[in-house]
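I opened this notebook to record what surrounds the ligand and how the protein is built around it. The entries follow the order in which I looked things up.

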Amino acid sequence: MKYAKIFCLTLLLIFSAVLSGCGSGATQETKTVAVCFPNTTSSWQRNGDSLKKLLEDEGFTVDVQFSATVEEQQQQVKSVITKNPNCIVIGAIDSEAFVDVLQDAQKKNIPVIAFDRILLNTDAVSYYASFDNGAIGDGMGEYIEAALNLKNGGGPYNIELFAGGPSDKNAHIFFANTMKILEPYFRNGQLVCRSGQNTFEQVAVADWNSANARPRIQELLNRYYTSETLNVVLSPNDDIAGVILDEIEKAGKSYPVISGLDGDPAAFQRIKEGKQTFTIAKDPDVLTAKCVRMIKAVVEGTQPDINDVTNYDNGVKIVPAYLCTPMIIDQTNVNSLAAK
Ligand code: BGC
């Protein structure tokens, strides 16, 4: 009798364990997040890896895809929509290229989060997770202004300008904000652009592809700086700074004051070696952690944490955003920080 009781109790326990197992399987169905990023710079790979890891730690199934061209990315997003993920995260190669493609996501009520780069002219985008792009542009201008002591009349200095890819809204914001700060020094002659190439269109590097910056810096050095010194270069990111510095080295010129963006490990190394002056680091773990919280909120149907509801009018709506704070890295702090 005693053994029969124990046997029954054991059966009951097994039964309820199986039941609760089934229950959790049914209620906690895995949610899927599709991530579509460019593969144009190493910083995107780091962001993709970081986002995947954090989302998997939260129990999501993650499908990360990279693409090299706008057309390839449009196809990827189209095919991802057919799989009905719970959320799509897009780092757009071209901010304006998803107007049609995202209509299907909207019809299916799939939330879309713009990552790092805003998606323009579509109301299918729910939120935007990025760094404060205006502050990045300001930071580049202010650093150059201080490094050259421009406020106290420093100069004249020769400067050449580079900007990011025209199809990315960020590139325009960075350049406009930096130029607003440097403008007065061009006007009063403290900064001199010997090439005269000073509009966004003249200095943009197509697709942010650093290979596209090489012929231009070669040409600038050959035409304008054989006997003159190039004192300053505005570089829109670290990849492009690497190519510019490579050509300056090959030409046997001294290193200029030069900016960067992203905080690439290669840039940390160049700063330590005294080749690159500074970078504005966008810690991938900071942005992806914020993005993961945003994804969790939209998947659960709650309000994500946002800190900007004014700056990102995408042409159709103001996209609510969370903007993370970037960090300036130069010789004064590079050794106390780990590159990511
Ligand atoms: C990002 C930069 C990045 C560049 C090239 C921009 O949209 O804001 O951090 O270096 O794209 O990928």
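Entry 1, ligand shell. I worked from a predicted model. I listed the residues that surround the ligand: T41, W44, D116, R117, D168, N170, F174, W208, N237, L261, D262 and K282. I then sorted this shell by residue class and obtained four nonpolar, three polar and five charged residues.

Entry 2, polar contacts. I looked up distances from oxygen atoms of the ligand to side-chain N or O atoms. For D168, I noted a separation of 2.5 Å between such a side-chain atom and a ligand oxygen. For D116, a polar side-chain atom lies 2.9 Å from an oxygen atom of the ligand. For T41, the corresponding distance from a side-chain N or O atom to a ligand oxygen is 3.0 Å. I take these three pairs as polar contacts because each falls within the 3.5 Å cut-off.

Entry 3, enclosure. I checked how much of the ligand is covered: on its own it has 310 Å² of accessible area, and the protein covers 98% of this. I also located the ligand in the largest cavity. I asked which elements give two or more residues to the shell around the ligand. They are α6 (169–187) and β10 (261–262).

Entry 4, whole protein. I recorded eleven helices and 13 strands as the secondary structure. The C-alpha atoms fill a box of roughly 105 × 45 × 35 Å along the principal axes. Of the 340 residues in the protein, I found 50% to be buried.

Methods. Residues are numbered from 1 along each chain as its sequence is written. This is a predicted model: local features need pLDDT of at least 70, side-chain atom pairs count only at pLDDT 80 or more; totals for chains, interfaces and linings use all residues. Side-chain values use heavy atoms; hydrogens and water are left out. A residue is near a molecule or strand if one of its heavy atoms lies within 4 Å of it. A polar contact is a pair of N or O atoms within 3.5 Å; within protein, one must be able to donate a hydrogen and the other to accept it, and residues adjacent in sequence count only if both atoms are side-chain atoms. Accessible areas come from the Shrake-Rupley method with a 1.4 Å probe; for residues, only the protein chains shown count as cover. On a 1 Å grid over the protein atoms alone, a cavity is a set of points where a 1.4 Å probe fits but cannot get out, and a pocket is an open set with protein on both sides within 12 Å along at least five of seven lines; lining residues have an atom within 4 Å of a point. A molecule sits in a cavity or pocket if more than half of its atoms lie within 2 Å of its grid points. Helices (H or I, at least four residues) and strands (E, at least two) are DSSP runs, numbered from the N terminus. Ala, Val, Leu, Ile, Met, Phe, Trp, Tyr, Cys and Pro count as nonpolar, Asp, Glu, Lys and Arg as charged, and the others, Gly among them, as polar. Buried means under 20% relative accessible area, exposed over 50%, partly exposed in between (1.4 Å probe, protein chains only).
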